[in-house]
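Here are my notes on the model, set out as numbered points for you to read alongside the sequence and the coordinates.

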Amino acid sequence: MKPSPRTPNRLDDLVEGLRRLPGVGPKSAQRIAYHLLQHDRDGAARLGSALTQAVESIRHCALCNTFTENELCEVCSSDRRDRSLLCVVETPGDQLMIEQTLTYRGLYFVLMGRLSPLDGIGPKDIHLDRLLRRAGDGVVREVILATNFTNEGEATAHTIGEMLKNRQLTVTRLARGVPVGGELEYVDVGTIAQAVLDRRST
């Protein structure tokens with residue numbers, strides 16, 4: 001009986017790398033790897049180069065924690081933003097969706113996640129210490145909690161709201177224009193715009 005053919009080690013590495021993408025399981029990762037190598041080697045090379053360059057050049061903004069190639073992102077470095085408003089979001093994708101509504105002209109803080117004790121994600125993992133320092137800079141007057149309306153997002157908003165109590169800040173939450181269980185990145189722009197305009201005190 002012949003032994004089954006063994007895949008090259010570098011192909012195994014490629015499949016394992018693709019499995020790290022959200023929603024990509026072992027079979028999907030294998031199909032993507034074979035497709036790239038068999039039908040789109042140029043695309044594979046471009047993807048590899050783009051990933052390498054992104055990892056080497058993209059960092060976190062020193063103020064808002066979003067992704068940027070400079071010390072400060074474009075929003076934080078703009079002199080046209082209202083620095084008394086600070087909107088707290090979970091991800092850069094959420095920030096982008098709020099920007100696309102054209103209803104918000106303040107600044108942001110991007111948590112890069114949300115509290116999830118079951119997954120071992122606590123306050124330090126989402127930079128709540130940095131958020132508190134940012135909100136307490138003497139310039140910020142209102143903190144808008146724009147975390148998602150999932151169980152984890154609600155728990156994160158509640159925790160931040162409690163931490164900001166007694167700091168002479170107005171703390172508001174996005175209105176329920178965003179559906180319960182919804183994530184900002186996948187909600188239509190009109191719904192997010194209404195939620196921003198109808199935000200309420202916590």
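1. I begin with the pairing of β3 and β4, which run parallel to each other and are joined by 5 bridges. Within this pair, V88 has F109 of β4 as the residue opposite. As this is a predicted model, the pairing described here and every point below should be taken as a reading of the prediction.

2. On its other listed pairing, strand β3, covering residues 82-89, is linked to strand β5, covering residues 142-145, by 4 bridges, and these two strands also run parallel. Here L86 has V143 as its bridge partner in β5.

3. Both pairings belong to an open sheet of 5 strands, whose order is β4-β3-β5-β6-β7 and whose pairing is mixed. The edge positions are taken by β4 (106-110) and β7 (200-201), each of which has a single partner strand, so that one side of each lacks a neighbour in the sheet. The edge position of β4 should be read together with its burial, for 5 of the 5 residues in β4 are buried and the strand is mostly covered.

4. Which residues does Q95 contact, once its neighbours within four places in sequence are left aside? They are T66, V75, V89, Y108 and V110. Q95 itself belongs to helix α4, which spans residues 92-100, and its relative accessibility of 7% places it among the buried residues; the cut-off for that class is under 20% relative accessible area.

5. Two further helical positions can be set beside Q95. A44, in helix α3 (residues 41-57), is partly exposed at a relative accessible area of 23%, and its C-alpha atom is separated by 8.9 Å from that of A33, which is 11 residues away along the chain. H158, in helix α6 (residues 151-163), is exposed, with a relative accessible area of 52%, and its C-alpha atom is separated by 30 Å from that of S78, which is 80 residues away along the chain.

6. Turning to the whole chain, the protein has 7 helices and 7 strands, which follow one another from the N terminus as α-α-α-β-β-β-α-β-α-β-α-β-α-β. The radius of gyration is 21 Å, well over the 17 Å that the globule rule gives for 202 residues, so the protein is more spread out than a compact globule. The C-alpha trace, taken along its principal axes, spans about 75 × 35 × 35 Å.

7. How much of the protein is buried? Of its 202 residues, 38% count as buried, while the surface that the protein exposes comes to about 12500 Å², of which carbon and sulfur atoms supply 52%. Among the contacts with a separation of 6 or more, 56% are made between residues that lie 24 or more positions apart.

8. A last point concerns charge: the protein has 26 positive and 26 negative charges, and the mean positions of these two sets are 3 Å apart.

Note on methods
Residues numbered from 1 in each chain as written. Predicted model: local features only at pLDDT ≥ 70, side-chain atom pairs only at ≥ 80, totals over all residues. Heavy atoms only, no water. Rg over C-alpha atoms; globule rule 2.2 N^0.38 Å. Buried < 20%, exposed > 50% of the residue type's maximum accessible area, 1.4 Å probe, protein only. Contact = heavy atoms within 4.5 Å. Areas by Shrake-Rupley, 256 points an atom, 1.4 Å probe, with all protein chains shown as cover. Lys, Arg positive; Asp, Glu negative; His and termini not counted. Charge placed at Lys NZ, Arg CZ, Asp CG, Glu CD. Pairing = 2+ DSSP bridges.
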